[in-house]
Structures are given as structure tokens and as C-alpha cells.
Amino acid sequence: MTIKRIDPDTRWSEAVVHNDTIYYTSVPEQLDGDITEQTADTLAAIDTLLHRLGSDKSKILDATIFLADKADFTGMNAAWDAWVVAGSAPVRCTVQAALMDPKYKVEIKIIAAL
């Protein structure tokens, strides 16, 4: 069993693949938008990474969503609901957390199958 680190750096790797499972955390690149826009941006980055590794969002097994403000739950869900594959929704947990960049409204961690 090998561990493949995608774009490893000193502090972290872009993603890690082990046992045909992808581990990845995404944050928004566009930080000026509201929660719905930041969530859509974060989900688009997930799509890009999964495609790069030969997977897609229908193969996401687990998602943890971190929100800086619990008042953003409805706006985040609007973007999530427009994005998630009907009938293939992963297990999901959403928590409020103090995110490291004060401009981040959302961060999403996923585990997906190849």
C-alpha cells in the first residue's frame, strides 16, 4: 500500500491518496464574495482536484464543512444543494470554527473514492 502525496510542500500536501481514497481540504480562492459565492468557489476547487486525480463529486464519501459564522449555514447550503449529486450525497458534518484567514467564510474537507 502506497501513500501518494499530491504537490507536497514543507507544511502540507495539496491532497493525499491512499488505498484508492483521496483526502483533500479546500478553501475559497475568491475571498470577496458572500458565503454562497465562497462555497461555490470552494466546491469548484474540489471538482478540479477530483477530476485531476480521476474521480468526481459523486464519489465523495465524507465531507466536513467549517463555517466561520453559523448564520451562513443557509447560504452555504444553497451552494451545496446546487452542486451535490442527487442520490450520491456524502455523509456530511457542518461545524462553526474560527478559520485561520479572517476573510475565509468556509473551508471544506473531503474524503473521496478514486
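This report walks through some side-chain pairs, the nonpolar core, the strand pairing and a few loop residues of a predicted model.

## The tryptophan pair in α2

Let's start with the aromatic rings, where the count comes to 1 pair. The partners are Trp80 and Trp83, with ring centres 5.3 Å apart and planes at 55°, so the pair is tilted. For an angle to count as edge-to-face it would have to be over 60 degrees, and for stacked it would have to be under 30. Both tryptophans belong to helix α2, which covers residues 73-83. They are 3 residues apart, or about one turn of the helix.

Are these two rings buried or exposed? Trp80 is buried, at a relative accessible area of 5%, and Trp83 is buried too, at 10%. Trp80 has another partner to look at: the charged end of Arg92 sits over its ring, 5.2 Å from the centre.

## What lies over α2

The tryptophans have company on the buried side of this helix. Gly75, Met76, Asn77 and Ala79 are buried in α2, along with Trp80 and Trp83. So what covers them? The cover includes helix α1 and two strands, β4 (60-67) and β5 (91-96).

## A salt bridge between a helix and a loop

The model has 1 salt bridge. In it, the side chains of Arg52 and Asp7 meet at 2.9 Å, N to O. Arg52 lies in helix α1 (residues 35-52) while Asp7 is in the loop between β1 (3-6) and β2 (15-18), so the bridge ties together parts that are 45 residues apart in sequence.

Neither end of this pair is buried: Arg52 counts as partly exposed at 48% relative accessibility, and Asp7 counts as partly exposed at 45%. Asp7 also has a backbone feature to flag, which comes up again with the loops below.

## The nonpolar core

As a general rule, nonpolar side chains in soluble globular proteins tend to be buried together. Here the largest nonpolar core has 23 residues. Which of them touch the most other members? Those are Ile22, Tyr24, Ile46 and Ile110. The elements giving two or more residues to this core are β2, β3 (21-26), α1, β4, α2 and β6 (106-113). Helix α1 gives the most, with 6 residues.

Tyr24 is a handy residue to click on if you want to see the neighbourhood. Leaving out residues up to four places away in sequence, Tyr24 touches Glu14, Ala15, Ala45, Ile46, Leu49, Ile108, Lys109 and Ile110. Two of the other core residues named above, Ile46 and Ile110, are on that list.

## β6 and its partner strands

In a regular strand, side chains alternate between the two faces of the sheet. You can follow that in β6: Val106, Ile108, Ile110 and Ala112 make up its covered face, while Glu107, Lys109, Ile111 and Ala113 make up its uncovered one.

Strand β6 pairs with β3 and with β4. β3 and β6 run antiparallel and are joined by 6 bridges, with Tyr23 finding its bridge partner in Ile111 of β6. β4 and β6 also pair in the antiparallel sense, over 7 bridges. There, Ile65 has Ile108 of β6 as its bridge partner.

## Loop residues to check

Most residues other than glycine have a negative phi. Asp7, the salt-bridge residue in the loop between β1 and β2, has a positive phi, near 50°. Asn19 has a phi near 50° as well, again a positive value in a residue other than glycine. Where does Asn19 sit? Look in the loop between β2 and β3, where Asn19 is partly exposed with a relative accessible area of 45%.

Ser88 is in the loop between α2 and β5. Its relative accessible area is 25%, which puts Ser88 in the partly exposed class. Leaving out residues up to four places away in sequence, Ser88 touches Ser58 and Ile60. Ser88 and Asn19 are 69 residues apart along the chain, and their C-alpha atoms are separated by 21 Å.

Note on methods: Residues numbered from 1 in each chain as written. Predicted model: local features only at pLDDT ≥ 70, side-chain atom pairs only at ≥ 80, totals over all residues. Heavy atoms only, no water. Phe/Tyr/Trp six-rings, centres within 6.5 Å; stacked < 30°, edge-to-face > 60°. Helix = DSSP H or I, 4+ residues; strand = E, 2+ residues; numbered from the N terminus. Buried < 20%, exposed > 50% of the residue type's maximum accessible area, 1.4 Å probe, protein only. Lys NZ or Arg CZ within 6 Å of the ring centre and 35° of its normal. Salt bridge = Lys/Arg side-chain N within 4 Å of Asp/Glu carboxyl O. Contact = heavy atoms within 4.5 Å. Core = buried A, V, L, I, M, F, W, Y, C linked by side-chain atoms within 4.5 Å. Pairing = 2+ DSSP bridges.
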